[in-house]
Amino acid sequence: MLQSIRIAEHVYAISGRADNLMCSAEWAFLSKLRPNSLSLLINTMETDNRNTSVVGLTREELPSLATTSAGFNTLPPELTDLVFQHASEDRDTALACTLVSRSWRDLALPHLFSALTVARQAAFENLLTFLDIAPHITRCIRALELGQISDEDEDCYSQKPPPPAVRLDSLVALVAKLPALRVLLLRGIFLIDPPSTDSHIRANPITSPGVTSPGVASSGVLKHLEVHGCFTHSIPDVPLVDLPTLIGILQALPAESIALRSVNIATTSPSDPRMSRITDPPTRLHVRELMLDSADCQADYDMSSLYDTFCQVLAPESLESLRSRVGRDTTTSPGPMRSFGDFLHLTAGALLRLDLPFALSHPLQPLEDDPEHWHILHLDECTHLHSFTLSITPPFVRSRSISQRPHVPLSAVCIAILAHLPQTLRTFTLAMCDELTTAHWHVKRRKLGLEVLDDALGSGKRFPLLERVEVTLRQPHHPDIAMDACKQAIQAVMPQCEERGILQIMRETGEQV
């Protein structure tokens, strides 16, 4: 199929009909997003005066192939759209398709512009200008990423050139131009919060998303909004964002699903006039799924202020999924636990999935193995819960401390927490916040105490509907450490779950070991 596309594009290029199929504004913008795009288009349009084409066919054979392209255009629209959807996976092929004919251009453009990444300040300014002179493109953009954080270096703030600086009112105006936008990713950008943002929030109150079909967002509401490592100011090596700015984004750009990753909250004065977004919100946020990723935040990061803020701005019992990804240094301090418990009390009624936003680790705090200690979390109010994730930090054993024993294993604390969960639980996940090795396994086995957890989960008495017990392993840093050995060790100490066929050993990426 792709070879037919290549042949057809050269037929039209040779006949000289491709020189104005794509407007100059579209060409210019695509060339700025990807420098090689413009040269590709120019090379495609060059007339080949030789007696053979690039695919090895003679010039006399090419005109007969034009009827093949015409026949393609007679296919049902859903089939042609499917073909161009697959062709758009290769951006160069999608660009070439726009040169075949006007009908192909109209079919290819929605796929070509369906997802855009704008990583630099100049590209962001070009996007605003481009949408003004090419308004038909606004209906094609379904996913937009502003800024970019590379996989190799999460600390994007030291990268050159610097990330885009975006005013909140400009961001809101941009999103308002994109009626088909469903996914917005803000990654590592500098946020400027002018006073005009408040006037927009007050003038455009959020409406409830209501009930929609699965996978379809309500009109005017994003399907997914992600804020990753954005900042309003910073101290050395620590990017910070203030709460009024963060809440202003959520209020001005309502979304059914919200992900906050590597967001370090800065202290804001109570006298700041923007605090009215929190203390006196125009309306409550209706969010179905919330993801909190604090694994890359500073070690002493306290999320209490964020939980307290959500209690003020979220609509009661609107949240169905609360997911978390925590680091090994996340502790169970009383302050954050109390704030999280108040937040859970607000949202527990409709909650189906819950990941606790802290990790259990040694040394344990007094009374952590007592179920009454965890009553502050209000887990017993999650009466419809189906999925629950608990994170633990595997014990680190030094050779000279092999003989040391904890007063209770980590699994005893897990059971104390599980005592508050309803019998509706179907999936339990035990996530390791650090790599687990089999070195000194007899000591780690005692500190983990997975046999006790196996008795509680494998018998089926406490949770009769339980269908899956997952143990998630973090990928080891050293290639000589085999995850298969960890899998076999865990299966050996959890025989009841293994016998029932509900035990699954998973990688952090979601793949089965």
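Which residues are buried in helix 9 (residues 168-176)? In this predicted model, the buried residues of helix 9 are L168, L171, V172, L174 and V175. They lie on the same side of helix 9, because they cover an arc of only 160° around the axis. An α-helix has 3.6 residues a turn, so residues three or four places apart point the same way.

One member of this group can be followed further. V172 lies in helix 9. Its relative accessibility is 9%, so V172 counts as buried; the cut-off for buried is under 20%. V172 also has a partner that is distant along the chain. I249 is 77 residues away in sequence, yet the two C-alpha atoms are 8.5 Å apart in space.

The overall picture comes next. The protein has 513 residues, and 50% of them count as buried. Its secondary structure comprises 19 helices and 17 strands. Contacts between residues at least 6 apart in sequence were examined for their span. Of these, 84% join residues at least 24 apart. The exposed surface of the protein comes to about 23,800 Å². Carbon and sulfur atoms supply 52% of that surface.

Helix 18 (residues 483-493) also has a buried side. Its buried residues are M483, C486, A489, I490 and V493. These residues cover an arc of only 120° around the axis, which means that they sit on the same side of helix 18. The face turned away from the buried side carries Q488 and A492, both exposed. The buried residues of helix 18 pack against three helices and two strands of the model, namely helix 16, helix 17, helix 19 (495-500), strand 16 and strand 17.

Helix 15 (residues 410-418) is mostly covered. Eight of its nine residues are buried. The buried residues are L410, S411, A412, V413, C414, A416, I417 and L418. Their cover includes strand 13, strand 14 and strand 15. Helix 16 (441-448) and helix 17 (450-458) are also part of that cover. Helix 16 and helix 17 likewise pack against the buried residues of helix 18.

Strand 13 contains P357. With a relative accessible area of 5%, P357 is buried, because buried means under 20%. P357 and L390 are 33 residues apart along the chain, and their C-alpha atoms are separated by 8.4 Å. Strand 1 (residues 115-118) holds another buried residue, V118. The relative accessibility of V118 is 1%, so V118 counts as buried. Its C-alpha atom is 8.5 Å from that of P164, although V118 and P164 are 46 residues apart in sequence.

Several of the strands named above also contribute to the largest pocket. This pocket holds about 470 Å³ of space. Its lining consists of 23 residues. S324, R325, A431, T472 and E508 lie nearest the centre. Strand 12, strand 13 (353-360) and strand 14 (387-392) each supply at least two residues of the lining. Strand 15 (427-432), strand 16 (468-473) and strand 17 (503-507) each do likewise. By class, the lining has nine charged, seven polar and seven nonpolar residues.

Two loop residues have an unusual backbone feature to report. S262 has a positive phi of about 50°, although S262 is not a glycine. Its loop runs between strand 9 (255-261) and strand 10 (265-266). S262 counts as buried, because its relative accessibility is 11%. E317, also not a glycine, has a positive phi of about 55°. E317 is found in the loop between helix 13 (304-313) and strand 12 (321-325). Is E317 buried or exposed? At 52% relative accessibility, E317 counts as exposed, because the cut-off for exposed is over 50%.

Note on methods:
Residues are numbered from 1 along each chain as its sequence is written. This is a predicted model: local features need pLDDT of at least 70, side-chain atom pairs count only at pLDDT 80 or more; totals for chains, interfaces and linings use all residues. Side-chain values use heavy atoms; hydrogens and water are left out. Helices (H or I, at least four residues) and strands (E, at least two) are DSSP runs, numbered from the N terminus. Buried means under 20% relative accessible area, exposed over 50%, partly exposed in between (1.4 Å probe, protein chains only). Contact means heavy atoms within 4.5 Å. Accessible areas come from the Shrake-Rupley method with a 1.4 Å probe; for residues, only the protein chains shown count as cover. The arc is that of the directions from the helix axis to the C-beta atoms. On a 1 Å grid over the protein atoms alone, a cavity is a set of points where a 1.4 Å probe fits but cannot get out, and a pocket is an open set with protein on both sides within 12 Å along at least five of seven lines; lining residues have an atom within 4 Å of a point. Grid points are joined across faces, edges and corners, and a volume is the space filled by probe spheres set on the points. Ala, Val, Leu, Ile, Met, Phe, Trp, Tyr, Cys and Pro count as nonpolar, Asp, Glu, Lys and Arg as charged, and the others, Gly among them, as polar.
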